[in-house]
Amino acid sequence: MQFKDVVGQRVLINRLTEIIDSGRVSHAQLLLGRNGYGTLPLALAYAQYLNCEHRVHYPEGSELRADSCGECPSCKKHQQMVHSDLHFVFPTTTNAKVKKESCSEDFQEEFRQFVTERNGYVTLEEWYAYLEVENKQGAIYVRDAKSIIDELSLKAYESAYKVVIVWMADLMRVDAANKLLKSLEEPAPRTLFLLIGERPEQLLSTIVSRTQLLRVGKIDDESLMRHLRKNHPEVSADLVAAAEGDVTEARRLVEQSEAEQTFARMFVTWMRQLFKLNMANLSAWVDEMATMGREQQKLFLRYAMDSLRACYLKSGAGVEQSYKLQFGDDKFNAAFPFMITPNNVERLEQAFTEAHHAIERNAYAKLVFMELSFRISKALKKR
């Protein structure tokens with residue numbers, strides 16, 4: 001990854017390139033900040049710049065003072081995360097592939113694919129979901145530390161520096177951290193540790209004291225807006241502000257917004273069919289819902305429940321600002337909220353809650369949504 005691919009953070013990037021160019025590279029550095037601020041992309045770009053064979057320096061006044069060339073053999077390998085002098089350590093746990101005593105070495109290919117697909121902006125929850133570890137929590141184990149030490153006993157193979165990136169270093173177990181201390185105190189020549197963490201209080205104080213601390217702050221709204229609008233031109237300033245300088249949170253909000261637009265169309269179609277009770281159309285709608293995955297079905301039901309609550313606040317209390325969920329249909333927006341009254345709101349809430357629980361218990365989706373449709377139709381007509 002090149003520095004130009006990092007979202008925002010220009011002041012910090014220019015400081016990093018200046019440090020490297022001056023030859024004052026600290027052997028162990030801790031990039032501290034939320035994942036969505038770009039800690040991992042910064043580390044990847046830092047390692048690539050450090051070992052670039054033809055660094056590029058820009059004229060004074062440019063946004064970036066320097067960057068890696070992106071073309072030399074070293075850069076190309078770094079961009080694919082396959083450079084022989086670039087090593088990754090990260091939290092792991094057992095899954096279908098590794099039944100016991102997992103470590104980073106077991107999942108190098110998966111980690112490369114995971115990070116590449118998301119351009120470096122990743123979260124721990126996404127990583128666990130990618131590995132399909134269910135509800136298990138990962139860690140960085142003493143066997144990971146041993147692997148690092150063994151690797152560092154060898155000289156750099158292709159480049160001037162060997163670089164070890166430890167992602168989510170705050171999940172390093174105490175025995176692993178203690179084993180790494182000597183390497184941090186007395187590093188091998190031309191070896192660089194880049195530790196990445198979100199919660200400094202979970203790191204051993206002895207680890208923190210042996211690193212140069214680099215705090216990574218929020219991404220400015222303008223940079224985040226430019227980044228998002230490359231693929232989502234309709235992104236609003238409100239969404240960017242809500243993301244609070246975090247790319248992963250902005251991505252989640254965009255996906256949620258897009259899902260809600262789909263859910264809104266489905267909800268409007270469903271409610272109109274329930275008033276007419278055209279069984280052919282209703283059956284087709286239920287069939288479409290049944291083809292969705294269970295998680296999407298649950299999300300749709302939660303969206304519908306939130307919509308009904310917002311409608312009730314508008315019709316029952318006149319609280320306009322609580323009616324935030326727009327259905328994309330002006331006629332429906334104007335009329336439907338007043339279908340939710342004190343006489344039916346509890347029955348509707350109960351019907352949706354029971355349907356949600358049924359889907360969670362792997363009930364047959366067609367039966368769940370058809371029964372729910374009849375209950376809603378009955379409740380709406382008794383408003």
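Guide: Contact here means heavy atoms within 4.5 Å, and the model to which this is applied is a predicted one.

Visitor: Which residues does Lys298 touch, not counting residues up to four places away in sequence?
Guide: Lys298 is found in helix H13, which covers residues 294-317. With a relative accessible area of 12%, Lys298 is buried, because buried means under 20%. Once residues up to four places away in sequence are set aside, what Lys298 touches is His356, Ile359 and Glu360.

Visitor: Is Leu277 buried, partly exposed or exposed?
Guide: Leu277 is found in the loop between helix H11 (247-276) and helix H12 (279-291), and together with Met279 and Phe374 it forms a nonpolar patch on the surface, with about 250 Å² of accessible area for the three together. Its relative accessibility is 32%, and since the partly exposed class runs between 20% and 50%, Leu277 counts as partly exposed.

Visitor: Which residues is Phe111 in contact with, leaving aside its neighbours within four places in sequence?
Guide: Phe111 is one of the buried residues of helix H4 (residues 108-117), and what covers the buried residues of H4 includes helix H2 (39-51), strand S4 (86-89) and helix H5 (124-131). In the largest nonpolar core, which has 61 residues, Phe111 is also among those that touch the most other members. Leaving aside neighbours within four places in sequence, the contacts of Phe111 are Leu40, Met81, Phe88, Phe90, Trp127 and Trp167.

Visitor: How is the pair of Trp270 and Phe300 classed, given centres 5.8 Å apart and planes at 45°?
Guide: A pair of aromatic rings is described by the distance of the centres and the angle of the planes. For Trp270 and Phe300 the centres are 5.8 Å apart and the planes stand at 45°, and because this angle is neither under 30 degrees nor over 60, the pair is tilted. Trp270 lies in helix H11 and Phe300 in helix H13, so the pair ties together parts that are 30 residues apart in sequence. Both residues count as buried, each at 0% relative accessibility, and the class of their ring pair is tilted.

Visitor: What kind of aromatic pair do Trp270 and Phe352 form?
Guide: Trp270 in helix H11 and Phe352 in helix H15 (residues 345-360) are 82 residues apart, and their pair links distant parts of the chain. Phe352 is buried, with a relative accessible area of 1%. The rings lie 6.0 Å centre to centre with 85° between the planes, and as planes over 60 degrees apart are needed for this class, the pair is edge-to-face.

Notes
Residues are numbered from 1 along each chain as its sequence is written. This is a predicted model: local features need pLDDT of at least 70, side-chain atom pairs count only at pLDDT 80 or more; totals for chains, interfaces and linings use all residues. Side-chain values use heavy atoms; hydrogens and water are left out. Buried means under 20% relative accessible area, exposed over 50%, partly exposed in between (1.4 Å probe, protein chains only). Helices (H or I, at least four residues) and strands (E, at least two) are DSSP runs, numbered from the N terminus. A nonpolar core is a set of buried Ala, Val, Leu, Ile, Met, Phe, Trp, Tyr and Cys residues joined through side-chain atoms within 4.5 Å. Patches are made of residues with over 30% relative accessible area and no salt bridge: like charges are joined within 9 Å, nonpolar side chains (Val, Leu, Ile, Met, Phe, Trp, Tyr) within 5 Å. Accessible areas come from the Shrake-Rupley method with a 1.4 Å probe; for residues, only the protein chains shown count as cover. A salt bridge is a side-chain nitrogen of Lys or Arg within 4 Å of a carboxyl oxygen of Asp or Glu. Rings of Phe, Tyr and Trp (its six-membered ring) pair if their centres lie within 6.5 Å; planes under 30 degrees apart count as stacked, over 60 as edge-to-face and the rest as tilted.
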